[in-house]
Amino acid sequence: MAKKARGAGGTPATVALSAAGIAFEVRAYEHDPRATSYGLEAAEALDVDPARVFKTLLASLDGSLVVGIVPVTGQLDLKALARALGGSKAVMAEVAAAERATGYVAGGISPVGQKRRHRTVLDASALEHDTILVSGGRRGFDLELAPTDLVAATEAVTATIGR
């Protein structure tokens, strides 16, 4: 897979992956502002199996923000997320808090290159694929990479957190 530098339309996510020496491919498409599901829109626009497209969600776990990365075809299981990180109770983060903490806009939050590193869990189903797609830091801009490379880049743990 090719790397793309920030000067060529990159984002903090592409800069972070390039700096880490992680191979990725930019998968851009024309975002439709009327789309109700950014992830399903990406799968359709890029002609990719939706099971390989993952969304990045932020939750508050015992008062701290954490990241859950799950397939766009499902939902984040907050109890499973809490268990995976050894916490007691997780609730979805408010959109404004997620945007402030990551530096990205909702619908374009990448698990990589966030303003601050958050504890991260990648749904174990990602490991069933050679590559997966995650947001690259803006709507209509996805990154394709090996799930093991995403784990390395985000220091994620893997667990079944999707339903």
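Two helices, α1 (12-19) and α5 (147-154), each give at least two residues to the lining of the second largest pocket; helices here are DSSP runs of H or I with at least four residues, strands are E runs of at least two, and both are numbered from the N terminus. This is a predicted model, where local features need pLDDT of at least 70 and side-chain atom pairs count only at pLDDT 80 or more, while totals for chains, interfaces and linings use all residues. Residues are numbered from 1 along each chain as its sequence is written, and side-chain values use heavy atoms, with hydrogens and water left out.

On a 1 Å grid over the protein atoms alone, a pocket is an open set of points where a 1.4 Å probe fits, with protein on both sides within 12 Å along at least five of seven lines, and lining residues have an atom within 4 Å of a point. A volume is the space filled by probe spheres set on the points, which are joined across faces, edges and corners. The second largest pocket holds about 160 Å³ of space. It has 14 lining residues, with Pro 111, Val 112, Gly 113, Arg 117 and Ala 153 closest to its centre.

Back to α5: Pro 147, Leu 150, Ala 153 and Thr 154 are buried, meaning under 20% relative accessible area (exposed is over 50%, partly exposed in between; 1.4 Å probe, protein chains only). Down the helix axis, these buried residues fall within an arc of 115 degrees, so they line one face of α5; the arc is taken from the directions from the axis to the C-beta atoms. Thr 148 and Ala 152 are exposed, on the face turned away from the buried side of α5.
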